[in-house]
Amino acid sequence: MKMSSVPEFLIGATNVYRTRYYIVRQRIGLRDGESGSYLVSHDTYFRCTPKLDQEYDNVFSDREDVDGKRIPTAMHTRNYVD
């Protein structure tokens, strides 16, 4: 696939999936603290638009489940981009 620029939802992503209203970028990291080690997901929710949906479809058209799935983690943070 040839793209002129990388969609913002891919930049720094560990995983990307799509819900009915959002494209979600997960950035997953390992935290090591006093209570042990665990995975943390820093999630950015991009509101779906026709342009973003088309970019998403172009990038993930070869997936068996084009919408993908969330990778479970022990904790997460959310940031919304409209």
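This short presentation describes the fold of one predicted protein model and then two of its arginines.

Good morning. Let me begin with how the model is to be read. Residues are numbered from 1 along each chain as its sequence is written, and side-chain values use heavy atoms, with hydrogens and water left out. Because the model is predicted, local features need pLDDT of at least 70 and side-chain atom pairs count only at pLDDT 80 or more, while totals for chains, interfaces and linings use all residues.

I turn to the overall fold. The secondary structure comes to one helix and four strands; helices (H or I, at least four residues) and strands (E, at least two) are DSSP runs, numbered from the N terminus. From the N terminus on, the elements run β-β-β-α-β. The C-alpha trace spans about 45 × 25 × 25 Å along its principal axes. Of the 82 residues, 29% count as buried, where buried means under 20% relative accessible area, exposed over 50%, and partly exposed in between (1.4 Å probe, protein chains only).

In which order do the four strands of the sheet stand? The sheet is open, its order is 1-2-3-4, and its pairing is mixed. Strand 1 (15-18) and strand 4 (75-81) stand at the edges with a single partner strand each, so one side of each is left without a neighbour in the sheet. From one strand to the next, the twist averages 25°; axes here are lines fitted to C-alpha atoms, for helices over the stretch in contact, and angles run from 0 to 180 degrees between N-to-C directions.

As a general point, strands of a sheet pair through backbone hydrogen bonds, either parallel or antiparallel. Two strands are said to pair if DSSP finds at least two bridges between them.

Let us go through the pairs in turn. Strand 1 and strand 2 pair in the antiparallel sense over four bridges, and they form a hairpin with three residues between them. Within this pair, tyrosine 17 stands opposite valine 24, and valine 16 has arginine 25 as its bridge partner. Strand 2 and strand 3 also run antiparallel, joined by 12 bridges, and a hairpin connects them through two residues. Here glycine 29 stands opposite valine 40, and isoleucine 28 has serine 41 as its bridge partner. Strand 3 and strand 4, by contrast, run parallel, with seven bridges between them; one of the partnerships is that of aspartate 43 with arginine 78.

I now come to the first arginine. Arginine 25 is found in strand 2 (residues 22-33). What charged partner does the side chain of arginine 25 have? Arginine 25 is buried yet has no salt bridge, and the nearest side chain of opposite charge, glutamate 8, is 5.0 Å away. For this purpose, Lys and Arg count as positive and Asp and Glu as negative, with His and the chain ends not counted. A salt bridge is a side-chain nitrogen of Lys or Arg within 4 Å of a carboxyl oxygen of Asp or Glu.

Backbone oxygens do lie by this side chain. That of glutamate 8 lies 2.7 Å from a polar atom of the arginine 25 side chain, and that of isoleucine 11 lies 3.2 Å from such an atom. Leaving aside residues up to four places away in sequence, arginine 25 touches further residues, including Phe9, His42, Asp43 and Phe46; contact means heavy atoms within 4.5 Å.

The second arginine is arginine 18, in strand 1. Is arginine 18 buried or exposed? At 14% relative accessibility, arginine 18 counts as buried. Its side chain makes polar contacts with the side chains of aspartate 53 (3.3 Å) and aspartate 67 (2.8 Å). A polar contact is a pair of N or O atoms within 3.5 Å; within protein, one must be able to donate a hydrogen and the other to accept it, and residues adjacent in sequence count only if both atoms are side-chain atoms. Among the residues that arginine 18 touches are also Ile23, Cys48, Tyr56 and Val66.

Thank you for your attention.
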